[in-house]
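Work through the following exercises with the sequence and the coordinates open beside you, and try each task before reading its solution.

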Amino acid sequence: MKAISRFCIICVFMGVFNISFVNADNNTTIHNQTISKYGDYYFIKNDNTLWGLKSNDIAEKLYNPYKLLDNIKSISRNYAVGDDGTVWEIDKDTVKQLNFIQDVKKISSGPSHTLFIKNDNSLWGIGYNDLNQLGVRGIEEKYTVPVKIMNNVSNAEIGFGHSIVLKNDGSILTFGSTAYGVLGIPEDKYSENQPHKVLENMKDVFAGETSCFAIDENDTLYRWGTNYGNGVGLKDTEIQKTPIEYVNDVKAVNSHWGFNLILKTDNTLWIYGDSETTKTGYTCYPTGMDFKDLPVKICDDVNSVSEWKDATSHKTLILKNNGELFEFDLAEGKQGYIPEYKIIKITDGIKLCKTAEPNKEKQFVDIESKSDEVKKSVNSLTKAGIIEGTGETEFSPDKPITRAEIAALLLRMSAKTDEDGNGDFVDVTPDKWYYNTAGVSKKYGIVSGFEDNTFCGDEAVSTIQLVSLVSRVLRNEKNIEIKENVNVLSDIPEWAKDDIALAEQEGLINIKNELKDIDEPMTRGKAAVILYRLYEKI
């Protein structure tokens, strides 16, 4: 058996394994083409220009927008993202480019930290990590340059001290502050410095100050946390610690103190109380408004509503499908009646927001007899755009997987997409589908080939080789150290012992049950299981 001396991450091209890239824009919903910050409003027009409007102009009904930037595709709080992936900081009527990160397609910004999704679907964060809101190991007061958090991310939203992330396979991860139920997990399930999976089969996420929301593939809205922020005297009954179904037929939600603006799939916008207690007469803290008659429809033909801007405001922005932008202002009504509200037109010609669509799940008939873990792993990786089947309804779970195929999959999962020739391997010619895969593999030191300078891309990967490869990717991505008390089986070769020890330690494999025939070829079905375990960790 040839030993793998090193391995790397690889560039993917179409080949025998039917590996494909997912168009980056298809996986990220743009929630906000309009924002409000400290009373000033910003919006993107149909020609992709960014405009601002001062709050005092709104108050005096002087609607005189001023142009800030060209070629902008999304905004969040005080950041704008350019069509070319550049990031710009907005400060009232001035902007400046931030050079610490490039190739960005979406930003979610809050009071203590900011998350960036790059074009390769990797998630990065900057700012404070005192509550683990950046989801990285080790607590530091503040990260002044972006730190990589994870790969394969479709959307990310943040609140006051927590983050909620939607991965490409539809799973939801939360991390950060444990207060007010914002992580959506029981307290006994919490472990520090580790993102927690909360839900699966979701297509979009939203966050308020101390609340979280998710929409599933059937347009059902789930909620957890509380709409009352860190209010004094907050009761346990006002905190939802695990996700519950909230409203059906939902497209989007905008969270406020004590209530939510919910956009339905028929494009109607409604005011809902934040819980069943509010619907039945609970007096909302802190405004004193009575929501017993909710829900109430506000208006029709709505495209989107803006993100929350601060803890006490009941103003937001409504964008209609004809491109008209309105300010929505909820005022206190008389006790016992529906709250009063005003809708004031600001401008028109605003660019519409994208609607979330779930990634399609294929039905592979040849995995039906396999274990639940195999079926879940194959289906999840397919939805995430990591792998495809060998046909429309076939996955071929018992077929061996080759070195080139596993290299390409690890590249896709690790967001390494550059091209670097064939790595000077003597057996990798330009007609091979993995020509560039081999070169990038060698470049990153994951699959570096053999001592005779061969790549052997068409050879089947053995069980021990695959586990070693996956283990090294995890180590490279998360900088994980092997604990001293981890033991491995005596028949593991010396070159693989550290890799196998790390794989056992981090739950990538159970040595006793899954590493019995270390030299046997690894099948596609078994490989999918181990790859999905890696997917959930990086």
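A residue counts as buried under 20% relative accessible area, as exposed over 50%, and as partly exposed in between. The model is predicted, and the exercises below should be read with that in mind.

**Exercise 1. A salt bridge and its surroundings**

Task: Decide whether glutamate 200 counts as buried, partly exposed or exposed, and find the lysine with which glutamate 200 forms a salt bridge.

Solution: Begin with the accessibility of glutamate 200, which is 30%, so that this residue counts as partly exposed. The partner is lysine 197, and the closest N and O atoms of the pair are 2.9 Å apart. Lysine 197 has a relative accessible area of 31% and is therefore partly exposed as well. Finally, look beyond the pair: Lys197 and Glu200 are linked with Lys376 and Glu536 in a network of salt bridges.

**Exercise 2. Two further salt bridges**

Task: Among the 22 salt bridges found in a search of the whole structure, examine the one between aspartate 458 and lysine 432 and the one between lysine 497 and glutamate 494, and describe where the residues lie or how accessible they are.

Solution: The side chains of aspartate 458 and lysine 432 meet with an N to O distance of 3.3 Å. Aspartate 458 belongs to the loop between H5 and H6, whereas lysine 432 belongs to the loop between H4 and H5, so the pair ties together parts that are 26 residues apart in sequence. Lysine 432, with a relative accessible area of 27%, is partly exposed. In the other pair, the closest N and O atoms of lysine 497 and glutamate 494 are 3.5 Å apart. Here lysine 497 is partly exposed at 26%, while glutamate 494 is exposed at 62%.

**Exercise 3. Checking helix H4**

Task: Test whether the end-to-end distance of helix H4 (residues 403-414) agrees with the span expected at 1.5 Å a residue, and establish what covers the helix.

Solution: The expected span is 1.5 Å times one less than the number of residues, and for the twelve residues of H4 this gives 16 Å. The end C-alpha atoms are 16 Å apart, which agrees with the expectation. Turning to burial, twelve of the twelve residues of H4 are buried, including the charged-type residues Arg403, Glu405 and Arg412. The cover of these buried residues includes strand S12 (142-150) and the helices H3 (372-383), H5 (435-444), H6 (463-478) and H9 (524-537). Just after H4, alanine 415 takes a positive phi of about 60°.

**Exercise 4. Helix H9 and the nonpolar core**

Task: Establish how many residues of H9 are buried, and then find which helix supplies the largest share of the largest nonpolar core.

Solution: First check the length of H9, whose 14 residues should span 20 Å at 1.5 Å a residue; the end C-alpha atoms are 20 Å apart, which agrees. Eleven of the 14 residues are buried, so H9 is largely enclosed by the rest of the structure. Its cover includes strand S14 (162-167), strand S16 (196-199), H3, H4, H6 and helix H8 (511-514).

Now turn to the core, which has 54 residues, and in which Leu381, Ile406, Leu466 and Leu534 have the most contacts. At least two residues of this core come from each of H3, H4, H6, helix H7 (497-505) and H9, and the largest share, eight residues, is that of H9. Leucine 534, leaving aside neighbours within four places in sequence, is in contact with Leu410, Met413, Val470, Val473, Leu474 and Leu508. A second, separate core of 26 residues includes Phe213, Ile262, Tyr272 and Phe328. As background, nonpolar side chains in soluble globular proteins tend to be buried together.

**Exercise 5. Classifying aromatic pairs**

Task: A search of the whole structure finds eight aromatic pairs; classify the pair of tyrosine 434 and phenylalanine 455 as stacked, tilted or edge-to-face, and do likewise for tyrosine 532 and tyrosine 535.

Solution: Planes under 30 degrees apart count as stacked, over 60 as edge-to-face, and the rest as tilted. The rings of tyrosine 434 and phenylalanine 455 have centres 5.8 Å apart and planes at 40°, so this pair is tilted. Tyrosine 434 lies in the loop between H4 and H5 and phenylalanine 455 in the loop between H5 and H6, so the pair ties together parts that are 21 residues apart in sequence. Tyrosine 434 is buried at 2%, and phenylalanine 455 is buried at 0%. Ring pairs link these two residues with Phe425 and Trp433 into a cluster.

For tyrosine 532 and tyrosine 535, the centres are 5.6 Å apart and the planes at 15°, so the pair is stacked. Both residues lie in helix H9, three residues apart, about one turn of the helix. Tyrosine 532 has a relative accessible area of 3% and is buried, and tyrosine 535, at 1%, counts as buried too.

Notes: Residues numbered from 1 in each chain as written. Predicted model: local features only at pLDDT ≥ 70, side-chain atom pairs only at ≥ 80, totals over all residues. Heavy atoms only, no water. Helix = DSSP H or I, 4+ residues; strand = E, 2+ residues; numbered from the N terminus. Buried < 20%, exposed > 50% of the residue type's maximum accessible area, 1.4 Å probe, protein only. Contact = heavy atoms within 4.5 Å. Core = buried A, V, L, I, M, F, W, Y, C linked by side-chain atoms within 4.5 Å. Phe/Tyr/Trp six-rings, centres within 6.5 Å; stacked < 30°, edge-to-face > 60°. Salt bridge = Lys/Arg side-chain N within 4 Å of Asp/Glu carboxyl O.
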